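Biologist: Could you take me on a close look at one part of this model, the packing of the helices at its start? I'd like one connected walk through it, please.

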Amino acid sequence: MARKTPEESQKTRDAILDAAEVVFLNKGVSNASMADIAEQAGVSRGAIYGHYKNKMELGLAMCQRAFEAEDCWKEGNAANISPLERLRSQHLFHMKQYCESDMQRRVLEILYTRCERTPENDELIRLKERFEKECEDDHMLLLNEAISCGELPPDLDAGLAFAFLNTMLCGQCSLLMCKEMPPEEFMDALEPFLDASLDAMRYSPALRRR
């Protein structure tokens, strides 16, 4: 049998990862099997095991492919804009990525709604938690810098402000996504909501330290 070229092997891996996204979304990570993924991909189980030793390795590769441009989380960090402007820019960039990338959106939906908290899924759950922690650390750093330079009140509770901003944006994103809005319309609707949330951090007494 002729050995596959690197291009052919990559095409097979992509087909397997595409299939994993579909199967994990439909069945959940725990209920999905390698046989299900092989059937969806149109390859043999042997072909899958030739690339991935088990379902968890396959799932991690699926996530890595979706977020391989991990530096996207550093976007908006231009040196010539203020901390609060960087925070705003980052949120808008992430939301644009989310609504324009079907792959990222599917993988995030799997991680947050279809990855059951079981020992079998522990590595994927840890990956999600690491992702959340890195995001929180970046945004808390920017919030504290904004407080230090006077963009935000000195008695702002940064932890509460971070939770407030993310809760408000997650709620708005869920609402807008349910309407299946085009990306441009989605971003136009989200931007003033983000600005209103930032204004609340500037002016709301409820977000001050007690």
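Modeller: Sure. A helix axis here is a line fitted to C-alpha atoms over the stretch in contact, and the angle between two axes runs from 0 to 180 degrees between their N-to-C directions. Keep in mind that this is a predicted model.

With that in hand, take helix 1 and helix 4: their axes come within 10 Å and cross at roughly 100 degrees. Angles from 65 to 115 degrees count as roughly perpendicular, so that is how helix 1 and helix 4 are set to each other. On the helix 1 side, the contact is made by Asp14, Ile16, Leu17, Asp18, Ala20, Glu21 and Phe24. Facing them from helix 4 are Lys55, Leu58, Gly59, Ala61, Met62 and Arg65. Sort the residues of this contact by type and you get 7 nonpolar, 1 polar and 5 charged.

Now for helix 2, which spans residues 34-41. Its buried residues are Met34, Asp36, Ile37, Ala38 and Ala41. What covers them includes helix 1 (6-27), helix 3 (45-49) and helix 4, so the crossing pair we just looked at turns up again here. After helix 2 comes Gly42, with a positive phi near 75 degrees.

Asp36 deserves a stop of its own. This residue of helix 2 has a relative accessibility of 18%, and since buried means under 20%, Asp36 makes the cut. Its side chain makes a polar contact with the side chain of Lys27, at 3.1 Å. Leaving aside residues up to four places away in sequence, Asp36 touches Val23, Lys27 and Asn31.

One more stop, leading on from helix 4: the aromatic rings. The count comes to 1 aromatic pair. The rings of Phe67 and Phe131 have centres 5.7 Å apart and planes at 40 degrees, so the pair is tilted. Phe67 sits in the loop between helix 4 (55-66) and helix 5 (83-100), while Phe131 belongs to helix 7 (residues 122-148), so the pair ties together parts that are 64 residues apart in sequence. How buried or exposed are Phe67 and Phe131? Phe67 is buried, with a relative accessible area of 13%, whereas Phe131, at 22%, counts as partly exposed.

Definitions and conventions: Residues are numbered from 1 along each chain as its sequence is written. This is a predicted model: local features need pLDDT of at least 70, side-chain atom pairs count only at pLDDT 80 or more; totals for chains, interfaces and linings use all residues. Side-chain values use heavy atoms; hydrogens and water are left out. Rings of Phe, Tyr and Trp (its six-membered ring) pair if their centres lie within 6.5 Å; planes under 30 degrees apart count as stacked, over 60 as edge-to-face and the rest as tilted. Helices (H or I, at least four residues) and strands (E, at least two) are DSSP runs, numbered from the N terminus. Buried means under 20% relative accessible area, exposed over 50%, partly exposed in between (1.4 Å probe, protein chains only). Contact means heavy atoms within 4.5 Å. A polar contact is a pair of N or O atoms within 3.5 Å; within protein, one must be able to donate a hydrogen and the other to accept it, and residues adjacent in sequence count only if both atoms are side-chain atoms. Angles under 35 degrees count as roughly parallel, over 145 as roughly antiparallel, 65 to 115 as roughly perpendicular and the rest as oblique. Ala, Val, Leu, Ile, Met, Phe, Trp, Tyr, Cys and Pro count as nonpolar, Asp, Glu, Lys and Arg as charged, and the others, Gly among them, as polar.
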